[in-house]
Amino acid sequence: MSIEFRIKDFNELTLIELYKILRLRAEVFVVEQDCVYQDVDDKDQKALHIIGYKDNKIIAYTRIFNAGDYFKNASIGRVVVSESERKYGYGHDLIKKSVEGIEERFGVDDIEISAQCYLKKFYEKHGFKQIGNEYLEDGIPHIAMMKSLN
């Protein structure tokens, strides 16, 4: 079974979609990673939401931002795949779709992310390069990474 992606503005999300997205983010970022942080951060309203569906269930998600809406450059954040679905490689499909979404919707040259350190090699496979030193974000080691689209 393959994954189907939809891109939506915040105002296009149904209440059920928003609920399921927030639930998935909480399952992974708060419960699985044992990290207490403020996930609902008032940035969802500025983002475009990349939602991955499989059998009509939301199993993958990112939010993308235009330059200046989160970081100086366009960015991808809240990258999440349901734990039971990771073995299928949907994370790679999700990043590809997120990069495509940024290229198509924003027409920018660079994408910046704040990546958990253990995912450095994953993001390098998609053309991201580390910039700067490791830092803590919500108690988890992160690195800034950039990808040039030109």
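Biologist: Why is strand S2 called mostly covered?

Modeller: In this predicted model, 7 of the 7 residues of S2, which spans 48-54, are buried. Buried means under 20% relative accessible area. Leu-48, Ile-50, Gly-52 and Lys-54 point one way, His-49, Ile-51 and Tyr-53 point the other way, and all are buried.

Biologist: What makes S1 and S2 a pair?

Modeller: Two strands pair if there are at least two bridges between them. S1 (residues 4-9) and S2 have 6 bridges and are antiparallel, so they meet the cut-off of at least two bridges. In one of these bridges, Ile-7 has Ile-50 of S2 as its partner.

Biologist: How do you know that S2 also pairs with S3?

Modeller: By the cut-off of at least two bridges. S2 and S3 (residues 57-65) are joined by 7 bridges and run antiparallel. Leu-48 has Ile-64 of S3 as its bridge partner. The hairpin of S2 and S3 has 2 residues between the strands, and Asp-55 takes a positive phi near 50° there.

Biologist: What comes after S3 in the sheet, and why is S1 called an edge strand?

Modeller: The order is S1-S2-S3-S4-S5-S7-S6, an open sheet of 7 strands with mixed pairing. S1 and S6 (129-137) each pair on one side only, and they are the edge strands. The twist from one strand to the next averages 25°. S3 and S4 (residues 74-81) run antiparallel and are joined by 5 bridges, one partner pair being Ala-60 and Val-81 of S4.

Biologist: Which strands does helix H1 lie across?

Modeller: H1 (residues 15-32) lies across S1, S2, S3 and S4, at about 90° to S3. Helix H2 (residues 90-106) also packs on the sheet, and its direction makes about 155° with that of S4. The strands H2 touches are S1, S2, S3, S4, S5 (110-116) and S7 (140-148).

Biologist: What makes a group of residues a nonpolar core?

Modeller: The members must be buried, be of the listed nonpolar kinds, and be joined through side-chain atoms within 4.5 Å. The largest such set here has 26 residues, and Ile-76, Ile-102, Ile-113, Tyr-123 and Phe-128 have the most contacts inside it. H2 gives the most to this core, with 6 residues. As for Ile-113, among the residues it touches are Phe-71, Ile-76, Tyr-123 and Phe-128. A second, separate core of 13 residues includes Leu-13, Phe-29, Cys-35 and Ile-140.

Biologist: How do you know that Cys-35 is in no disulfide?

Modeller: A disulfide needs two cysteine sulfur atoms within 2.5 Å. The closest cysteine sulfur to that of Cys-35 is in Cys-117, 14 Å away, which is too far for a bond. The search of the whole structure finds 0 disulfides. Cys-35 is buried, with a relative accessible area of 6%.

Biologist: Why is Pro-141 called partly exposed?

Modeller: Its relative accessible area is 33%. Buried is under 20% and exposed is over 50%, so a value in between is called partly exposed. Pro-141 is found in S7, and the residues it touches include Ala-115, Cys-117 and Tyr-135.

Biologist: What makes Glu-17 and Lys-8 a salt bridge?

Modeller: The nitrogen and the carboxyl oxygen must be within 4 Å. The side chains of Glu-17 and Lys-8 meet at 2.9 Å, N to O, so the pair meets the 4 Å cut-off. Glu-17 is buried at 7%, and Lys-8 is buried at 17%.

Biologist: How do you know that Asp-41 belongs to a network?

Modeller: Asp-41 forms a salt bridge with Arg-63, with the closest N and O atoms 2.7 Å apart. Arg-63 is in S3 and Asp-41 is in the loop between H1 and S2, 22 residues apart. Arg-63 is buried at 1%, and Asp-41 is buried at 17%. Asp-41 also forms a salt bridge with Arg-78, at 3.2 Å. Arg-78 is in S4, 37 residues from Asp-41 along the chain. Salt bridges that share partners join Arg-25, Asp-39, Asp-41, Asp-44, Arg-63 and Arg-78 into one network. The whole structure has 13 salt bridges.

How values were computed:
Residues are numbered from 1 along each chain as its sequence is written. This is a predicted model: local features need pLDDT of at least 70, side-chain atom pairs count only at pLDDT 80 or more; totals for chains, interfaces and linings use all residues. Side-chain values use heavy atoms; hydrogens and water are left out. Buried means under 20% relative accessible area, exposed over 50%, partly exposed in between (1.4 Å probe, protein chains only). Helices (H or I, at least four residues) and strands (E, at least two) are DSSP runs, numbered from the N terminus. Axes are lines fitted to C-alpha atoms, for helices over the stretch in contact, and angles run from 0 to 180 degrees between N-to-C directions. Contact means heavy atoms within 4.5 Å. Lists of a residue's contacts leave out its neighbours within four places in sequence.
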